[in-house]
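The exercises below ask for careful reading of a model, one step at a time. Each task sentence is followed by a worked solution.

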Amino acid sequence: MSEEAEKKKMDMEMERKLRNQEKAKEKEMKKQKALEKAKLREVVKSAKPKTKIAEKKIGKEDEEEEEFLDPETPIGEKKRLSSQMPKEYNPSAVEKSWYEWWEKSEFFKADATSSKPPFVMVLPPPNVTGALHIGHALTCAMEDTLIRWKRMSGFNALWVPGFDHAGIATQLVVEKNLTRETGKTRHDFGREEFLNHVWQWTENKSGTIKSQLRRMGSSLDWSRECFTMDEQRSKAVTEAFVRLHKEGLIYRDLRLVHWDCFLSTALSKREVEHIDIKGRTLVKVPGYEKPVEFGLITSFAYPLERGGGEVVVATTRIETMLGDTAIAIHPADSRYKHLHGEFAVHPFNGRKLPIICDEIVVDPNVGTGCLKITPAHDTDDFDVGRRHNLKVINIFTDDGRINTNGGPEFTGMPRFAAREALVEALRKKGLYRGEKNNEMKIGICSRSGDVAEPMMKPQWYVSCSVMAKEALDVAADGKIEFIPKQYSAEWRRWLENIHDWCISRQLWWGHRIPAWYATLEEDQIKEAGAYNDHWVVARTEEEARKEVAHKFAGKKLLELSQDPDVLDTWFSSGLSPLSVFGWPDETEDLKAFYPTSVLETGHDILFFWVARMVMLGMKVGGGDVPFRKVFLHPMIRDAHGRKMSKSLGNGIDPLEVINGVTLADLHARLENGNLDPKELVVAKEGQVKDFPNGIEECGTDALRFALVSYTSQSDKINMDVQRVVGYRRSCNKLWNAVRFGMMNLTEVYTPPVQTLSPETMPFSCQWILSVLNKAISKTVDSLNAFELSDAADTVYAWWQSQFCDVFIEAIKPYFFSENASRTLAQDALWVCLETGLRLLHPFMPFVTEELWQRLPSSQDCERKASIMICDYPSPVEKWTNEKVETEMDMVLATVKTLREMRAEEPLKSQGNGKLHAFALCGNALTLGIVKSLELEIRTLAKLSSFEVMLSGEDKAAEAGSAVGKMVNESLKVYLKVEGAEINAEAEREKTMNKIKEIEKQQEKLQKSMGASGYEEKVPANIKEDNLRKLAKLIEQLRFLKGDDDIVSETSITS
């Protein structure tokens, strides 16, 4: 028998053994299933007697059941797994029970006395206003990936959970609910009773949020859970306020603020969203039955005091003219030189309005060149008022009505009703000069929807300039690192232009300001707040009384009343890195875990939260920064790049992605919201477009992985749910890979105790360990650099492409019989599965835990209870083998070329049967490599035979009908199809075209290399690259031209 025939016989024998082995394993699995079903029937019978018909029905259902279900696991106990793995991945089944066991086992808990290096993060506290949204899910995915990785890497890892009371947002939503349910406002309930309702709400909502955090797999240390309004955090807020006031950094002043007339409170800049108005636009404003008109500029005339003339001004807020105290012109405007020092007269109250010259605020080329000045209701006008010592006249009540300063004709009118009334009154007086469309911006409160009104109000402020300078210095000195680096510029932009921070809010829900007002018997005005020097700041009322007795010694105190206002929510959350560890008390946690390691959050609150944490932390926390690194993630948009909003219907609830949801249920969620009918129609249409079939159940692991992998998208993430679905399918591929492993790691198999030595292993095993080593190195490097997306992509590529697509297929021949190669292949398989699952665990905690628990363990060493407390993989130096990787690259390129050929005519019509192939090598080196890798190529390309020969050998002529294709400059492969119609001329033409293409590339490269100054100007590394490229092109041409005759011989129909 010839050598080739012997080889074919061995191949056929190997295939037969493989089929028999697979059949035997399938038979064994069926036998095991039958035993499980028999046990199940016995349990059913003993639990409740059944009729024969019922027993027969149960038996039939059992036989039809193809997958085994996990037994019920008592809450908190380690999950009980079925004896056989289900054939398909089911996220809801896989993710069940693990978290409760992790938590009960205290795997998340950090030890303040540990000698391990600390790694500490504080969860950005979600608001207790409702459920978590997809942005929170991104935060959880990123932070839990980091904390699990650090925990597995030997750190004393602590991730502190907390919740924010969200003053304005929570008060608004609770009051809305109470009004809807009872018809009463908070004023009807009174402060104490209303706050009781708010506490009930927060307890309920925080429970919902905690449930969601657990569902996301967040490994938070729940023993250290915090709430910004709990006793310890409230103590910290009071202490910080008192200390900052004592240092002169907190003060009270009368200034212009953003005011919400509907809620009757000051607003932070973050709570005001500016929307563009292109022209006349109707806007819904709370408290008004009809929409209010914006986008118009109204012109009217002020009569002059002398001479009978007038000056015409224009405004987009005509109602504010009731508070005008001056008219400004540019000093160089020749049109109004004669009005310098003159006065105009207010038509409704007779107030004399000085005509002032101000070159800063007035542009003579805009409008009439005359500006009305309302210092109490416009930021620029307020500055003008200070420069010119103008009166500041507030014309609005707290709820946005005209007060007595507006005159009897308009007193009591809502501000936008007064707008219409004033236009009509000006018409009657003959002073109305018309209106026209005007592009503008209006500030809308993000909580209530009210149009923010600039108002003069006495408020508490934090002086920020000194603290901002300190925050700038620590960033410049490298004590705080920003990731990505570009946010350093944003940090400087904010802090170099900082204003003092208004920290008081006219709300009931929040930290009551620890300031008391002393009303003295000698005071002429007994109204609280009338005298700014009558305020005292103290930790308690008792302390405040002592302060008053000292400050006003010898004077009789009539009343001591605490400021009814509360602090801005950002003040308490700004203290969170300190307060979560028990500050101002000197606790063990504070000593062990402060400063924290990383602050991870969205880039949109870099100033509003991050900067304030740094400023407050350094000032009251001993001068050190509260964290070493600031890691900022992108904002999530929908798949089309639009901001997510209820009105568009494009918002994504993480639980809907995890559990799946129908389109009908998506619609129902909108219907239960607060959208008006028109918005509801638009929102539903958006859902139909984006989720025509609802959202498929994806599970937590797939959602987490998708979110982390998305973070490479600059400052915005365009979230497409189909990408999550794709990762859910990759989980199924992972599941099947482990299932394959379990089938081939039999009960008698014992995993290796020592680190594997690849040099004695089959080629494919050497290769997978080498690329695993590379994946480990790259993943760890990426995690250290906070490039989580790169880390996720690296792990994904190894599992999906290298392990599943290549290695599993390549090692199948080794499981045909009992021999040394089989054992070595089993060892490599087990090591890859176990190591790969640990590598993947921080990204996908649930599926990795379940699969890891199913793997066989060595009897000679104690196994950790959970994958999450195992060591994170680290590179093994002896696994790296660049030569093997290079050779496998040639194998994969060859297989890819053969697959491409099979996908083209005339082979496409030949079906999926195994084909004969041969390789033509351009040199002895390539010949040796390809010959040594025949098994891998034949297995991966699914060939019946694979013959390797040197270019010019006349054996090629025996091939019969064949088509060929270049793999690289020294390797070409052919597929032989007996009886196929091969167009010899077409094959020759392909070769000639390829030759022409390469000749053009060679000519172009040689021309570039021969250009004047090439040797002197071109860097050495580029010249080396060009030489290598040229050598490859020359080798390809030599090979192709020498192969031309063989093409004609092997492309003839037999």
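**Exercise 1.** Decide whether glutamate 310 is buried, partly exposed or exposed, and then describe the salt bridge that joins glutamate 310 to arginine 433.

Solution. The relative accessibility of glutamate 310 in this predicted model is 39%; because buried means under 20% and exposed means over 50%, glutamate 310 counts as partly exposed. The partner, arginine 433, has a relative accessible area of 37% and is partly exposed as well. Turning to the bridge itself, the N to O distance between the two side chains is 2.8 Å. Glutamate 310 belongs to strand 11 (residues 310-315) and arginine 433 to strand 16 (residues 432-437), so the salt bridge ties together parts that lie 123 residues apart in sequence.

**Exercise 2.** Locate the salt bridge between glutamate 900 and lysine 965 in the secondary structure, and classify the exposure of glutamate 900 and of lysine 965.

Solution. The side chains of glutamate 900 and lysine 965 meet with an N to O distance of 3.1 Å. Glutamate 900 is in helix 28 (residues 882-902) and lysine 965 is in strand 32 (residues 962-968), so that the pair links distant parts of the chain, 65 residues apart. For the exposure, glutamate 900 has a relative accessible area of 30% and is partly exposed, while lysine 965, at 27%, is also partly exposed.

**Exercise 3.** Examine helix 8, beginning with its span and ending with the salt bridge of arginine 215.

Solution. Helix 8 contains 25 residues, and the distance from its first C-alpha to its last is 36 Å, close to the 36 Å expected at 1.5 Å a residue. Its buried residues include Phe194, Leu195, Val198, Trp201, Ile209 and Leu213, and also Lys205 and Lys210. Among the elements that cover these buried residues are helix 5 (134-152), helix 6 (167-182) and helix 19 (654-659). Just after helix 8, glycine 217 adopts a positive phi of about 80°.

Arginine 215 forms a salt bridge with glutamate 95, with 3.0 Å between the closest N and O atoms. This pair links distant parts of the chain, 120 residues apart, since arginine 215 is in helix 8 (residues 191-215) and glutamate 95 is in the loop between helix 3 (91-94) and helix 4 (98-104). Arginine 215 is partly exposed at 23% relative accessibility, whereas glutamate 95, at 6%, is buried.

**Exercise 4.** Describe the surroundings of leucine 833.

Solution. Leucine 833 is found in helix 26 (residues 820-840) and, at 0% relative accessibility, counts as buried. Once neighbours within four places in sequence are left aside, leucine 833 is in contact with Ala737, Val738, Gly741, Leu745, Trp799, Phe803 and Leu855. The C-alpha atoms of leucine 833 and alanine 737 are 8.5 Å apart, although 96 residues separate the two along the chain.

**Exercise 5.** State how many salt bridges the model contains, and identify stretches where pLDDT is under 50.

Solution. The count comes to 61 salt bridges, and Asp70, Lys79, Glu850 and Arg854 are linked in a network of them. The mean pLDDT of the chain is 88, and 89% of its residues reach 70 or more. Over residues 43-58, however, pLDDT stays under 50, and the model has 5 contacts beyond four places in sequence for this stretch. Residues 1044-1054 are also below 50, with 34 contacts beyond near neighbours in sequence. Where pLDDT is low, predicted coordinates should not be read in detail.

How values were computed:
Residues are numbered from 1 along each chain as its sequence is written. Side-chain values use heavy atoms; hydrogens and water are left out. A salt bridge is a side-chain nitrogen of Lys or Arg within 4 Å of a carboxyl oxygen of Asp or Glu. Helices (H or I, at least four residues) and strands (E, at least two) are DSSP runs, numbered from the N terminus. Buried means under 20% relative accessible area, exposed over 50%, partly exposed in between (1.4 Å probe, protein chains only). pLDDT is the predictor's confidence in each residue, from 0 to 100. Contact means heavy atoms within 4.5 Å. The expected span of a helix is 1.5 Å times one less than its number of residues.
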